[in-house]
Amino acid sequence: MPTYGLPGVAVGLRGARATGIVALTVVVVLAVGWRLAPTGTDPNRLTVELLTDHIGTGIDSGSDVRLDGVKVGAVASTGVADGGWQSIELELDQSQILGLTDTLSVDFAPGNLFGVSEIQLHPASGGEMVVDGSVIDLTGNARDRVDDATISTVLSSLGEFTTGVLTPQLTEVLRRIDIGATAFTPLFQAIIDMIRVVADTQHHPAPFLLREYGSALGGLPWTVDGGIQMLYTAYDSEYMKSADNRTKFDATSSMLKDDLIPALVPVLTTAQPHFNGLTDQIAPILDVIASTVPSPQSTGRDLGVLLTQLDSKFHDTPHGPVVDFSVDLRGIPALSGPLQGALPAGTDGAR
């Protein structure tokens, strides 16, 4: 057996050399790869530790860390630091946190609609730049820079609101408001019905109506002024200057207000059943009267012409208006003689 041979192995000199060369090549490649391969530490990553009074619910290893909404890292671990403070170790991307200082503030907030918690960092001015290994103390006087807005905190606040604000007293106030609002329901219904009726019966556009109403209101100041002057004139008349007359006037007004008007209510109430059919009888009469004027515009025009012609048949005299007419009595001497003597001097006897 050759010196390089092994018992039970059929191998030649050439095969042994080839096997050795392959094994040596593999060892060399592994050694070079081990030397050139990265050590597993990313030089662009840095570790920062946060010390807080508490950690938001759901914050644990792997939770996202965002800076103004942009993901810049993740939570590496959580634990308890010396002194009993809560410790949060962050792994951040150094290229994404340029300008971040240790004056930052922290929010524990839900990162999506499912309520998964994450850490949101908010930069602030001043302080020292955050570097690898920085420890940011957010306890004591700096605790106001930590805000917990996770779902559990929101639910807890809602529970406190429900038990602290929605008291029986508030419920009673809401019930009274509901009763008061219900009392206005007829008024609201009347307003809605009125608006609906106006919308169904209105034939002119709103701008036209508003313009006409505005022109009508233009005379309101003079109307009010005239009414006030009329009342002033009534109270300033010679009749009202007498104390007896004022007493009589007050007694008459009191009688109208206290006796006559209240007495009309039962009278009209008693008479109402007996006049229910009166409107049914008036309607045909009004229809007949309206049918006598089939065309109001032409009828009004003809009536105006008739009145104008009648007016032209009169003329004024010292004894009042007289009618202009002529009667030819020249063929009847028995009447023309007496009438000629009855006419005033200067009157044409042929008329």
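**Close-up views of a predicted model**

**View 1. Phe108 of strand S5 and Asp148 of strand S8.** In this predicted model, Phe108 stands opposite Asp148 in S8. Strand S5 covers residues 105-110 and pairs with S8 in the parallel sense. Three bridges join S5 and S8. Strand S8 (146-148) is one of the edge strands of the sheet and pairs on one side only.

**View 2. The open sheet of eight strands.** The strand order is S7-S1-S4-S3-S2-S6-S5-S8, and the pairing is mixed. Strand S7 (134-137) and strand S8 (146-148) are the edge strands, each pairing on one side only. From one strand to the next, the twist averages 30°. Strands of a sheet pair through backbone hydrogen bonds, either parallel or antiparallel.

**View 3. The two faces of strand S2.** Strand S2 is made of residues 64-67, and its side chains alternate. Val65 and Leu67 point to one face and are buried. Asp64 and Arg66 point to the other face and are not buried. The bridge partner of Val65 is Ile119 in S6, whereas Asp64 has Ala74 in S3 as a bridge partner.

**View 4. The neighbours of strand S2 in the sheet.** In the sheet order, S2 stands between S3 and S6. S2 pairs with strand S3 (residues 70-80) in the antiparallel sense over four bridges. Strand S6 (residues 117-122) runs parallel to S2, and three bridges join these two strands. The hairpin of S2 and S3 has two residues between the strands. In this hairpin, Asp68 takes a positive phi near 55°.

**View 5. A nonpolar surface patch.** Phe184, Leu187, Phe188, Ile191, Met194, Ile195 and Val198 make a nonpolar patch of about 670 Å² on the surface. Val198 is found in helix H4, which spans residues 185-201. With a relative accessibility of 42%, Val198 counts as partly exposed, because this value lies between the 20% limit for buried and the 50% limit for exposed.

**View 6. The aromatic pair within the patch.** A pair of aromatic rings is described by the distance of the centres and the angle of the planes. The count of such pairs comes to one. Phe184 and Phe188 form this pair, with 6.3 Å centre to centre and 25° between the planes. The pair is classed as stacked because its planes are under 30 degrees apart. Phe184 is partly exposed, at 47% relative accessibility. Phe188 is also partly exposed, at 45%. Both residues belong to the nonpolar surface patch.

Key:
Residues numbered from 1 in each chain as written. Predicted model: local features only at pLDDT ≥ 70, side-chain atom pairs only at ≥ 80, totals over all residues. Heavy atoms only, no water. Pairing = 2+ DSSP bridges. Axes fitted to C-alpha atoms, helices over the stretch in contact; angles between N-to-C directions. Patch = residues over 30% accessible without salt bridge, like charges linked within 9 Å, V, L, I, M, F, W, Y side chains within 5 Å. Areas by Shrake-Rupley, 256 points an atom, 1.4 Å probe, with all protein chains shown as cover. Salt bridge = Lys/Arg side-chain N within 4 Å of Asp/Glu carboxyl O. Buried < 20%, exposed > 50% of the residue type's maximum accessible area, 1.4 Å probe, protein only. Phe/Tyr/Trp six-rings, centres within 6.5 Å; stacked < 30°, edge-to-face > 60°.
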